[in-house]
Amino acid sequence: MRFLIFSVALSVLMPAIANAGLDKQLDKFSQDPQWRALLHYPRSGAQSYVDDPRFFLSPSGHRDPLAELQATRREFISQPLRRCDYPARAQWLVDRSLIPASAPVCDEYREWRETLDVQQVSLVLAASYLNSPSSMYGHTFLRFTPGGDRSRSDFLAYALNFGANIPPGENDILYAYRGLFGGYPGLFSMQPYYQKIQEYSRLENRDMWEYQLNLSMAEMDRLLRHVWELRDINFDYFFFDENCSFRLLELLEVARPGIDLTSPFEYAAMPVDTVRAVVDAKMVDEVKYRPSKRLELETLLETLSESEQEWVRRLAAGEVDELDSALAQSRQAQIVFTAYRYLRYQSNRDVRSEEVAERSLRLLRQAKALQAADDIAVTPPARSDFGHRTSLLAVNAGWRDLSDASAQASLAYADLNYRISYHDALDSQSGYPPGATLVMGDINLRWQEREGLRLQEFTIMDIRSLSPRDEFFSPISWQVNFGLERLDDAPSQPLVAQLSAGGGVSTKWLGGIAYAMPGVRMEYNSDFREDWRLAPMVNIGQVWQGAVLSAELAARWMDFSGAGQRKQLSATANYAYQADRAWRLQLDYRDQPWGDSLGVELSWRRFF
């Protein structure tokens, strides 16, 4: 009888003890960094980045990793075929003996893996492109390269991209607004790699850098299993933080357990900074450079004399069909091949007419008959990850002499300047596109003896694209700037809101870039009789850019009609004595309706 009672008690208690042990085990595993990575939980956060309820098997899975683990285990045991939808989760559970090792046959997943045949993974950085709001800071994606002979062809590789799902014809301004505030769903998508080459290298003329990752086969397998789980799964897309680059870092954390790439980027993830983090984590074996088609064409043109360049222009335009027979065959070959590439460049974005197609084919046949070499030796620029970091902290000291007798004779001040991102034209050009200024969120606090500490300037956005024109290329240079600005030489030093925009031309001159851009400035100034004023504006100047030394001479004129004209001349020099440290000196003279003034400012700048 005692034995019977003991047996019954044991049969009741053992499952309870086993369940208690399993619950404790599951509770421990639910906090495993790898499980949290599979659910896209931030390192220090309590809620997943995934905004699609279809991704979770528990109603509270987006905020409770234990509930999701319990629901996942139950689902995989009761419905083994569900493992086919979550192969990375299933393997993680098998590795920890939480579900049986026997797995169902997943035909669709197996066919997908066989089609890809991934033997190498690369992180690809497409350089910044100011003419598109979605690409101003650059873009990153993954390249999946197959094995064997197939690895030699870009046509057989695939690209994994994360981006906002934007409706066709969306307005750029609306895109920028929604991109900042999470107004679009973000999705992973797979496409042939050559399509990305056409998009970036050919159509948008952007350089591409391929960072070959040193992932083992087991790590690539883990990565691809998780990619399969993310098919058609929505994330809210945010321009600055939850963007393409941040999502890829999450994937790499899944591939290589134990590595932390995302923690530094929970508030902002600039593509070049995330690439630098992957390099610093020693995940890169080799870096390959793919120049844009425009840079290849510019390289070809630089090898030709002015008369030979004129032949290129005339051949591409169809003005002549044959070259001067007195030219050496090697020069003829170079000219004809360059004309062919120039004609292709001109018609990249357009549907080619039959006449243009025939002319292109004729030039190609002539180039082959002349045995023109089709390889173009482009000297790679400095790698993007070798450039300065994208956030800035600066300390400025300055002095301004005022001619207005009703004000102080001079003003001395000290500034503390913080810039969220990214680069201005006088920062070290190494790793950044020439002629580009892209500044977001620049805050300047100023201390003056009589005024104390106050906001001097808050630049929400400052973009300037200086694209030199010549006989072969005719881009538009443009600029836009808006934010708050204190008129520090005016008697009451008002803080005004302003929006400035303009467009014009720039050209290579005196070893730099000369520019002229007319435009308008709209300003809200409570000191005016009419608060809102619109003024025509002209900016002209000359910029010299370099890795160490940069300088700019600039002049600006604005006419506020009844409120008078404002004129300014400035000279600025920047000395980058280290990759992330620089000194900057600026002198400027202003002729304003309330008087003229002369100022000097010295700034110590630290990028981080």
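Contact here means heavy atoms within 4.5 Å. In this sense, the cover over the buried residues of helix α13 includes α11 (293-302), α12 (306-317) and α14 (354-369). The structure described is a predicted model, and α13 is one of its 14 helices, which are accompanied by 19 strands.

The overall dimensions of the chain may be given next. Along its principal axes, the C-alpha trace spans about 110 × 80 × 40 Å. The chain has 608 residues, of which 50% count as buried. Its accessible surface amounts to about 29200 Å², with 55% of that area belonging to carbon and sulfur atoms. Among contacts with a separation of 6 or more, 61% are accounted for by residues 24 or more positions apart. The chain carries 66 positive and 81 negative charges, and the mean positions of these two sets are 4 Å apart.

Helix α13 comprises residues 329-346. Its 18 residues should span 26 Å at 1.5 Å a residue, and the end C-alpha atoms are 26 Å apart, so the expected and computed values agree. Buried residues of α13 include Gln332, Ala333, Ile335, Val336, Phe337 and Thr338. Further along the helix, Ala339, Tyr340, Arg341, Tyr342, Leu343 and Tyr345 are also buried.

Three acidic residues in loops were examined individually. Glu204 is placed in the loop between α7 (193-203) and β5 (208-213). Because buried means under 20% relative accessible area, Glu204 belongs to this class with a value of 14%. A polar contact of 2.6 Å joins the side chain of Glu204 to the side chain of Arg206. Not counting residues up to four places away in sequence, Glu204 touches Tyr129, Ser135, Glu199 and Arg349.

Asp385 occupies the loop between α14 and β8 (392-402). With a relative accessible area of 6%, Asp385 is buried. The side chain of Asp385 makes a polar contact with that of Tyr211, at 2.6 Å. Tyr211 also appears among the contacts of Asp385 beyond four places in sequence, together with Val272, Val275, Arg276 and Val279.

Asp424 lies in the loop between β9 (410-423) and β10 (436-448), and its relative accessibility of 11% counts as buried. The side chain of Asp424 reaches the backbone nitrogen of Leu426 at 2.9 Å. Leaving aside residues up to four places away in sequence, Asp424 touches Arg419, Ala436, Thr437, Val439, Arg584 and Arg605. Asp424 and Arg454 are separated by 30 residues in sequence and by 24 Å in space, C-alpha to C-alpha.

Particular features of the backbone were also identified. The peptide bond from Ser421 to Tyr422 is cis, with omega near 20°, and Tyr422 is placed in strand β9. His40 has a positive phi of about 60° although it is not a glycine. This residue, His40, is found in the loop between α2 (33-38) and α3 (65-78) and counts as buried at 0% relative accessibility. A positive phi, near 45°, is likewise found at Gln493, a residue other than glycine. Gln493 lies in the loop between β12 (477-486) and β13 (495-509), where its relative accessibility of 7% places it in the buried class.

Note on methods
Residues are numbered from 1 along each chain as its sequence is written. This is a predicted model: local features need pLDDT of at least 70, side-chain atom pairs count only at pLDDT 80 or more; totals for chains, interfaces and linings use all residues. Side-chain values use heavy atoms; hydrogens and water are left out. Helices (H or I, at least four residues) and strands (E, at least two) are DSSP runs, numbered from the N terminus. Buried means under 20% relative accessible area, exposed over 50%, partly exposed in between (1.4 Å probe, protein chains only). Accessible areas come from the Shrake-Rupley method with a 1.4 Å probe; for residues, only the protein chains shown count as cover. Lys and Arg count as positive and Asp and Glu as negative; His and the chain ends are not counted. The place of a charge is taken as NZ of Lys, CZ of Arg, CG of Asp or CD of Glu. A polar contact is a pair of N or O atoms within 3.5 Å; within protein, one must be able to donate a hydrogen and the other to accept it, and residues adjacent in sequence count only if both atoms are side-chain atoms. The expected span of a helix is 1.5 Å times one less than its number of residues.
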